[in-house]
Amino acid sequence: MRLSKFISEHIEVILQEWEDFAGTLHPLKSSTKAQLRDHAKAILGEICLDLDTYQSVEAGIEKSKGNGPDSAAGTAAEAHAADRVQAGFTVEELMAEFRALRASVLRLWQNRVKTADESDLQDMLRFNEAIDQSLTESLAQFSAMLRDSQNVFLAILGHDVRNPLGAISMGTQMILQDTTLPARHVKVAAQVLRSTQRVTEIVSDLLDYSTSHLGSGIPVTLADYDVSKESRSVVQEMKLFHPERDFRVDIEDGIIVAWDCARMSQALSNLMANAVQHGSATSPIWVTLSRQGKEEVVMVVQNEGDIISPNRLRVMFDPGKSFAMKSTSERSASQTSNLGLGLYITHEIVLAHGGTIRVSSTELEGTTVTVRIPVIAKRPVN
């Protein structure tokens, strides 16, 4: 008996085993029959349809890698993942359901088919490919929904924190205007104000990080301005913050662009701050800005210091992966440092302008970040 026909004829037995297993999972205890089975019947229906459809060897190989054909309307596996997220499942529990389904079908079929011929082996191979494809679809949907919920939480948190921070900042500024305060009180108030401003910057980065994941990236408002003039202002501000550092600046005059002025100034500031933090304290930081032909502007920030390994370069603009690669001691040190949100936000700002950002790190040239953006920014097409 072909496997697809076996599944169709024994669907109730298979679903009962699925239901029995689902009932052992903590989120589904005391659930109804419909909640336990959820989309199991629809998932098996799609698998049977797949088994009965001609498939080339190449298509089978791609499917086993999780690269099956996309479904514009969504699949039963994706709908199942959405329901399991709402039920409070962990990713391990979701995977366990598919693992149990695979075992149930193959065990029941083995009891029916005592000796296997070539077509039976082919059915088994196709079935495993189909289960893997369904699992891949389900996990992708599950992970996406979890990320969205986490980013919504971060966005709400960042938004709500802004109001008390604003109140603290305004109150501290009023205190500093009191000329009758003792000097040590003024010193404490000034430190509170600086700390509040730093926390405000962190909250702003947090909001940018969360909102960029929820929509189509960081929003930008394009307008014509002199990027040469604005970039010099950013460099001057950085010199005031870090008077002990040597900045070597080469900015071409009169470069008029159609960019988001505030965002691009933020990007340059982030790159320079990163160079200050990770570059050698005894070596200069080079900042250059120039036209590349008539249609492109190139921004380069370069510093000397420890060479960044190729593995770390690949995840430099992904704060989650960068943090995961750190050793225990580095993670402990990062509690008093930043988590790399600035580089991530810079990357998103550049992408939002239709540009590219590349990093290289060698003993001869140090670490170099190169940004290329069209003079007239082109928003990426989603």
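In this predicted model, helices α2 and α4 cross in a right-handed manner. Helix α2 spans residues 11–22 and helix α4 residues 40–51; their axes lie 10 Å apart and form an angle of about 130°. Angles of 65 to 115 degrees count as roughly perpendicular and those over 145 as roughly antiparallel, and α2 and α4 are therefore oblique to each other. On the α2 side, the contact involves Ile-11, Ile-14, Leu-15 and Trp-18, which meet Ala-40, Lys-41 and Leu-44 of α4. Sorted by class, this contact comprises 6 nonpolar residues, 1 charged residue and no polar ones.

A second part of the structure is an open sheet. Its 5 strands follow the order β2-β4-β5-β7-β6, with mixed pairing. Strands β2 (247–251) and β6 (356–362) form the edges, each pairing on one side only. On average, and ignoring direction, neighbouring strands of the sheet are turned by 10° against each other.

Strands of a sheet pair through backbone hydrogen bonds, in either a parallel or an antiparallel arrangement. Within this sheet, β4 (residues 285–292) and β5 (residues 296–303) pair in the antiparallel sense, over 8 bridges. One position illustrates the register: Thr-288 has Val-300 in β5 as its bridge partner.

Helices also pack on the sheet. Helix α11, residues 261–278, touches β2, β4, β5, β6 and β7 (366–374), and its direction makes about 20° with that of β5. Helix α15, residues 341–352, packs on the sheet as well, touching β6 and β7. The direction of α15 makes about 135° with that of the edge strand β6.

Conventions
Residues are numbered from 1 along each chain as its sequence is written. This is a predicted model: local features need pLDDT of at least 70, side-chain atom pairs count only at pLDDT 80 or more; totals for chains, interfaces and linings use all residues. Side-chain values use heavy atoms; hydrogens and water are left out. Axes are lines fitted to C-alpha atoms, for helices over the stretch in contact, and angles run from 0 to 180 degrees between N-to-C directions. Helices (H or I, at least four residues) and strands (E, at least two) are DSSP runs, numbered from the N terminus. Angles under 35 degrees count as roughly parallel, over 145 as roughly antiparallel, 65 to 115 as roughly perpendicular and the rest as oblique. A crossing is left-handed if the near helix is turned anticlockwise from the far one by less than a right angle, and right-handed if clockwise. Contact means heavy atoms within 4.5 Å. Ala, Val, Leu, Ile, Met, Phe, Trp, Tyr, Cys and Pro count as nonpolar, Asp, Glu, Lys and Arg as charged, and the others, Gly among them, as polar. Two strands pair if DSSP finds at least two bridges between them.
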